[in-house]
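Biologist: Could you take a close look at one loop residue for me, and then tell me how it sits in the whole chain? Keep it simple, please, I'm just starting out.

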Amino acid sequence: MAQRFALIIAPVDAADPRDDFSETFSVIDPEAPALSVGELSTQRGDGVFETIGVIDAHPQEVVPHLERLANSARLCDLPLPNREQWRQAIAMAAAQCPPGEATIKLILSRGVEHGPTPTAWVTTGPASDFSAVRAAGVRVVTLDRGYSLDVAERAPWLLLGAKTLSYAVNMAALREARRRAADDAIFLSSDGFVLEAPTASLILRYGDRFVTPAPSGGILHGTTQLSAFEFLTERGVETGYERIPASALGEADAAWLVSSVRLAVAVTAIDGHPLPVDAALTAELNGYLLSPRD
Ligand code: PLP
């Protein structure tokens, strides 16, 4: 999908106390070539990113996205982003977004091979129309991710808790789900615990209690899941982070995949077994997720 606006950021030290970072931004033609062929983001997927949902030119959940960008940078030994600089870049990009739903991408790459600094840029683009899938839900299959639940502590170099640019595995999982006549996937650890979807977090309902797999380092902590738990807590509903065995998936009273742009979609079946769908709650949750939030 065509990008509508693009901004290159000259990264500064995380502690740079300036109030105004506009002189570190260069607006570029979003259709024109902009990256060096020596970019390590394109050669090795060596960098981190965030995708922010934008509603009527309001960027959603900016603080949690910036926190996760900083955490990803830390896990990848990249220089920490200056939050105020990135916040101003996001504000500039959001001001260019049309009414309705759009997206902003933040990218922090290791930079050009042998180069002195990271490369950073922000783009905006249109959001796909997800209204049909928000109403209809998705069929999912479970896929083995091949790592045990505690792998993040044993092998932090796998960067499983970082949102790195290396999403080829996640995209391959979605293609495998489609080959198995499903719309999406839920990753399981090799020792049989529920993790996340390739581009979304999972929330399960058991009676009146809503749970999500604990983001122990092996999965991303979803900004949309955090907002969904806020929505549920405001309604007096109990929420929690748990170790969820794969055997408990089929016992759920309802389930959702949640992410920044598609928002909440009900899971209608897991590995071919139908799951009850709470259409009213899904619509209410999406109404909340579509309202302006910081
Ligand atoms: N887990 C993975 C692997 C993701 O790629 C994403 C989003 O892209 C999420 C979870 C959900 O994160 P968020 O709600 O912040 O979009």
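Modeller: Let's go straight to alanine 181: its relative accessible area is 53%, and since anything over 50% counts as exposed, alanine 181 is exposed. Keep in mind that this is a predicted model. You'll find alanine 181 in the loop between α6 (168-179) and β8 (184-188). Now check its backbone: phi is positive, about 65°, even though alanine 181 is not a glycine. Why point that out? Because most residues other than glycine have a negative phi.

Glutamate 61 makes a nice partner for this story. Its phi is positive too, near 50°, and glutamate 61 isn't a glycine either. It also belongs to a loop, the one between β4 (58-59) and α2 (62-75). But is glutamate 61 buried or exposed? With a relative accessible area of 4%, glutamate 61 is buried, because the cut-off for that is under 20%.

Now zoom out. Those two loops belong to a chain with eight helices and 14 strands. Of its 294 residues, 51% are buried, and glutamate 61 is one of the buried ones. The C-alpha trace spans about 55 × 40 × 35 Å along its principal axes. A compact globule of 294 residues would have a radius of gyration near 19 Å, and the chain has 19 Å, so the two agree. And if you take contacts between residues at least 6 apart in sequence, 71% of them join residues at least 24 apart.

Notes. Residues are numbered from 1 along each chain as its sequence is written. This is a predicted model: local features need pLDDT of at least 70, side-chain atom pairs count only at pLDDT 80 or more; totals for chains, interfaces and linings use all residues. Side-chain values use heavy atoms; hydrogens and water are left out. Helices (H or I, at least four residues) and strands (E, at least two) are DSSP runs, numbered from the N terminus. The radius of gyration is taken over C-alpha atoms; the globule rule is 2.2 Å times the number of residues to the power 0.38. Buried means under 20% relative accessible area, exposed over 50%, partly exposed in between (1.4 Å probe, protein chains only). Contact means heavy atoms within 4.5 Å.
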